[in-house]
Amino acid sequence: MAGYPQAKFRYTVEIDGIEAGGFSEVSGFDASIDVIEYREGDMTQTPLKLPGLKKYGNITLKQGVTDSTVMYDWIYAGVEGEVERKTLTITLLDATGSPAASWQVINAWPIKYTAPDFNATSSEVAIETMEIAHEGMTRVQ
């Protein structure tokens, strides 16, 4: 029998094995396989379907602004010079704080950084956003 489903609000993010700080949201990591349809003239009405390119969606990380510039420094290094590829590990935690599931994101690099917007009449946390491209993900736990 399978266990109970886990809540999605307890998780950690590591970059190259180092905890990357607290993130309020991690979204967009998915995988898909394109479908290639092929039909010859003498085939029935249904085309043959073949697997095509494998694709991985970009991951979006959101965190409250702190004095840490680790995320900004990562994209800035790529803007100024060579892109630095890293491994991200996203781990879902159970109610006791133990790992319940974990995904590794391979050859990840930042493609977009968005600084927070500011509003003097708002009482919200300033959030910075980083979009990450990658070349694959695997569930390791």
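How many helices and strands are there in the protein? The structure under review is a predicted model, and the points below take its architecture, its core and several individual residues in turn.

1. Secondary structure. The protein holds one helix and 10 strands. Read from the N terminus, the elements follow the order β-β-β-β-β-β-α-β-β-β-β. The helix α1 covers residues 70-80, with β6 (59-64) and β7 (86-93) among the strands of the chain.

2. Overall dimensions. The radius of gyration of the protein is 20 Å, whereas the globule rule gives 14 Å for 141 residues; the protein is therefore more spread out than a compact globule. Along the principal axes, the C-alpha trace spans about 65 × 50 × 35 Å.

3. Burial and surface. Of the 141 residues in the protein, 26% are buried. The exposed area of the protein is about 9700 Å², and carbon and sulfur atoms supply 52% of that area.

4. Contacts and charges. Among contacts in the protein with a separation of 6 or more, 62% are made by residues 24 or more positions apart. The protein carries 11 positive and 20 negative charges, and the mean positions of these two sets are 9 Å apart.

5. The largest nonpolar core. This core has 16 residues, of which Phe23, Val26, Leu61, Leu88 and Ile132 touch the most other members. Two or more residues each are given to the core by β1 (11-15), β6 (59-64), α1 (70-80), β7 (86-93), β8 (99-114) and β9 (127-133). The largest share, three residues, comes from α1.

6. Phe23. Which loop holds Phe23? Phe23 is placed between β2 (18-19) and β3 (25-27). Phe23 counts as buried because its relative accessibility is 10%, under the 20% cut-off for burial. Leaving aside residues up to four places away in sequence, Phe23 touches Tyr11, Val13, Leu61, Lys62, Gln63 and Met71. One of these, Leu61, is listed beside Phe23 among the core residues that touch the most other members. In addition, the C-alpha atoms of Phe23 and Ile127 are separated by 9.5 Å, although the two residues are 104 residues apart along the chain.

7. Thr91. This residue belongs to strand β7. Is Thr91 buried or exposed? With a relative accessible area of 10%, Thr91 is buried. Beyond the residues up to four places away in sequence, Thr91 touches Arg10, Tyr11, Thr12, Pro99, Ala101 and Ser102. Tyr11 thus appears in the contact list of Thr91 and also in that of Phe23. Between Thr91 and Gln104, which are 13 residues apart in sequence, the C-alpha to C-alpha distance is 8.7 Å.

8. Backbone angles deserving a check. Most residues other than glycine have a negative phi. Asp16, which is not a glycine, has a positive phi of about 50 degrees. Asp16 lies in the loop between β1 and β2, and its relative accessibility of 45% makes it partly exposed. Asn107, likewise not a glycine, has a positive phi of about 55 degrees. Where is Asn107 found? Asn107 is in strand β8, whereas Asp16 is in a loop. The relative accessible area of Asn107 is 30%, so Asn107 counts as partly exposed.

Note on methods. Residues numbered from 1 in each chain as written. Predicted model: local features only at pLDDT ≥ 70, side-chain atom pairs only at ≥ 80, totals over all residues. Heavy atoms only, no water. Helix = DSSP H or I, 4+ residues; strand = E, 2+ residues; numbered from the N terminus. Rg over C-alpha atoms; globule rule 2.2 N^0.38 Å. Buried < 20%, exposed > 50% of the residue type's maximum accessible area, 1.4 Å probe, protein only. Contact = heavy atoms within 4.5 Å. Areas by Shrake-Rupley, 256 points an atom, 1.4 Å probe, with all protein chains shown as cover. Lys, Arg positive; Asp, Glu negative; His and termini not counted. Charge placed at Lys NZ, Arg CZ, Asp CG, Glu CD. Core = buried A, V, L, I, M, F, W, Y, C linked by side-chain atoms within 4.5 Å.
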